[in-house]
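Hi everyone, thanks for coming. I'd like to walk you through one sheet today, so let's get the picture up on the screen.

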Amino acid sequence: MAGSTILLFAKLYSAFAGTLLIGYLLGRVLLRLANVFLPERNVRIFLSLLSGLTVLIVAYASMATRGVTILLPVAVIIIAVLFLWNNKKSLNDELVDNSHWSTDLITILGTGTLIFSARYFLLYDSSSEFLVTPFQDYVYYGRLTQPLNIAGIETNVLEAIYPQFITEQPYHYFDVWLNALLVKCTGVPSVWALYLTTYSVLIVVVATGFMALLAYSAGVKQKWIPVLSLLLLTVTGISWPVVSEIDFIRNGALIASSTLPVLPKLAPVYIFLILAVLALLQGRYTIVGLTLATLPLVYVSTAPTIGLGVASLALFLWLRHRVTLAGALKMVAPTLFASLYIAGFYVLQPEPYQFPATGRAFALSTIIPSWSEYRTLINIGFGTLLNFGFYFAPYALLLFLLLRSRIKKIAYTQQEVLVWFGASVFMATALRAFGSHYIDSFQFFANTIIPFAAIVIAVLIGIALTAKTQRHYVLTALVLLVLAVINNYTLFFERTKTLSATRYSTSFLRVVQSELQNLGPRGAFIMSPDDYENVYMMSPDSYVCGTYVSNFKNDYAFTTLSALDLEHKRAEPHFQRDSIQAEQATRKSSFYRFQRFKQMQGQKLALDSAKYQFVVENGISFICTSKRATLPLVLQPLVDRSYRDSYSGEMFYVLRPSSKTLSNAYY
C-alpha cells in the first residue's frame, strides 16, 4: 500500500472500530437500564449494537435537524422493545451477562475486521495510491451528507443554488445519518466513509443478527455459527453464467445483484427484519409489531410490503388462536401509527416551489396505471415470481436436501415465519406490478424480499443443522461458498466492471486533488446525450461524470450543463413509456431552473448564452466532462487550464477565478 492509502485505511478503520465500540457500550447501558440480561451472547451482542447505534444515529439526526427528523420515533420504539424484552430471571443470569464484555468485544472486532478488510479490498488498487471510485449510487448517498450536515434538512435533493426547491423528502436516512455523523467527526471524504465505514458497521450488525438467529436453534454447533453467519451475508439470487443473459431472466437481475457486502444499501432493512424474526421465533408478538413499525421510518420503500405483511401475520395468528383480537391489533397498531406519522410529517413540511406541471401531483399521475392495463400488470406479477423462484432455486434445493425427512414438521413448527414471508412476497409482487410505470418500481419488491429471503434461509439452515454431523456443516458451508463464488467470481478478474466503479489514473487524481484544494465549492458537469442509456440516468443528482471529485471534497455542489434532446430520446423504445419521468428528471437541475427564472424575468437566452451566464453568476469553479462530451465553445474562454484522464477519458477544467466567493456550496 502507498503511504496515503495506508493513512486512509487507518482513518477509516479507526472510525469503523470506534463506532462499533461506542454503539456496543451504549447498547449495553441501555440493556442494563431496561433490566435486560441475556446469557446467550449472540443475542446480547446483536441487541446491544442495534439499540446503541439506533439511539446514537437518532440523537445526532435530532440535534442536526432541531427535531425535524423522520427517525425520531425509531429510538423510542427500540427503547420500548428493550423494556418489553425484559427477561431477568435470576441473579445467575445477571452474573453470566456481565461477565462477557471482553469476549463480546473480541467477537465484534474480530468479525468486523474481517468484513472491513474484505470490503476495503473491493476498492483497493495496488497500482495506485488512490482507491477506486465506487458505483454512482454510493457517490450520491455520500453527497447526501451535505444537506444533512450543512443545512440540517432530510432531503434527497442536492439543489445547492435555489433553496426554495428544498424541503424534507422521504428516503432511507438511517444509513445516511450514520455517515453524516462519521463525516462530521472525522472529515474523511463522505464516499469512503459511507462505503467502507458506515456500511461495514451496519454489515457487522447484520452478521451478529445472523449469529443470533443461528444461536436460537440451540443444537447448532457454536464454532460454526460465525462461519455460517459470514456466508449468509452473501445470500441473494444466484446469477448463473449464460442462463442469466436470457432477456426474461435478466429483467430480474436486481435480485442477484444485491450481495450485501458488495452492494450494502439494504443493510438497515436486514437489521430490523432480523430483530422482528428473532422476536417472532420467541413468541414475542408485541415486539414483532413494534419492530416492524421502524422499517417504514428507516427505509420508506419497504412501507407497503411491511404494512400488509404485518397485517397478514396478525390475522393468521388470530385465526390460529395464538393471539387475541386485542393482541392482533397491538401488532398492527405500531405500523399504522408509523404510516400516519410519515404522512403527517411530510404534509406538515413546507411545499417546495415548483414550476407549472412539475409538482408532486403531476409526477404521481404519470406512474399510476390505467384499468385497461390489468393483463400487463398480471403478467408482470407472474414474471416477478418466476424470476424470484429462478434466482433463489439453489437455496431451496439446499434446504430440501437438509430437511427432506422433516419438511412437513418444519413447515408446521415454522408456519408463522413462512406464512408471513409468503404473504410479504405476494404483497411485494403486487406492488411491483402496480408500480411498473415507476422507473424504480422493482425496488418495491427487492428492497424487502431480498433481505427477508436471506433471513428465512438463515432460520431454516439453523433448524436443519440442529443435531447434525460435522459432514452436514461442511457441506452446507461449501454450498453457500460455491453459490457466493458463482455470484461474485468476476470480482477477481474484472472487479471495477463488476462493481460498476470507475478507475482513474494516479497522475490525474494527484492533479485534481491539488487543484480542488484551491477551488471554490461549486462545479458543473457535461455529458453527451449518448451517455444517457435509460431514464434513470437522467437524474442530475445521482448520475454524473466527475465522480472523482468526491474522493477529495465533501462540501461541493455539482450541477449539469448537459443539453438533452428529449424529443430525440422519445423516439428510442426504452424511453417512450417513461418520457414524462425523463422530462421530470431533467427539470430538477439548477441550470434548468436558472433558465426558467430568466424566462420569467423576460430574458430569452440562447442555450449557450444561458450556460455562460449560469457559470459566471453562480461562481462555478470547475467543469467535468465525460469522454464523449465536449466543452461548449462559449465556455472555453473561461477555462484557465484543463486535464484529461488517460483511463476514463474524462476531462477536468479549471475555470478562471470568479468574483463571487462562497464559504460553502449552499445558497
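**A walk across the sheet**

Let's start with one residue: F525 stands opposite C624 in β3. Keep in mind that this is a predicted model.

F525 belongs to strand β1, which covers residues 522–526. Its partner here, β3, spans residues 622–625. How many bridges link β1 and β3? There are 4, and the two strands pair in the parallel sense.

Now look at the other neighbour. β1 also runs parallel to β2, again with 4 bridges joining them. If you want a spot to click on, take R522: its bridge partner in β2 is A557.

A quick reminder for anyone new to this: strands of a sheet pair through backbone hydrogen bonds, and the pairing can be parallel or antiparallel.

Okay, zooming out. What is the strand order in the whole sheet? Reading across, you get β2-β1-β3-β5-β4, so to speak an open sheet of 5 strands with mixed pairing. At the edges sit β2 (557–560) and β4 (639–644), each of which pairs on one side only. Going from one strand to the next, the twist averages 20°.

Back to β1 for the last bit. Are its residues buried or exposed? In β1, 5 of the 5 residues are buried. Both faces are covered: R522, A524 and I526 are buried on one side, and G523 and F525 are buried on the other. And there's F525 again, the residue opposite C624.

Methods:
Residues numbered from 1 in each chain as written. Predicted model: local features only at pLDDT ≥ 70, side-chain atom pairs only at ≥ 80, totals over all residues. Heavy atoms only, no water. Pairing = 2+ DSSP bridges. Axes fitted to C-alpha atoms, helices over the stretch in contact; angles between N-to-C directions. Buried < 20%, exposed > 50% of the residue type's maximum accessible area, 1.4 Å probe, protein only.
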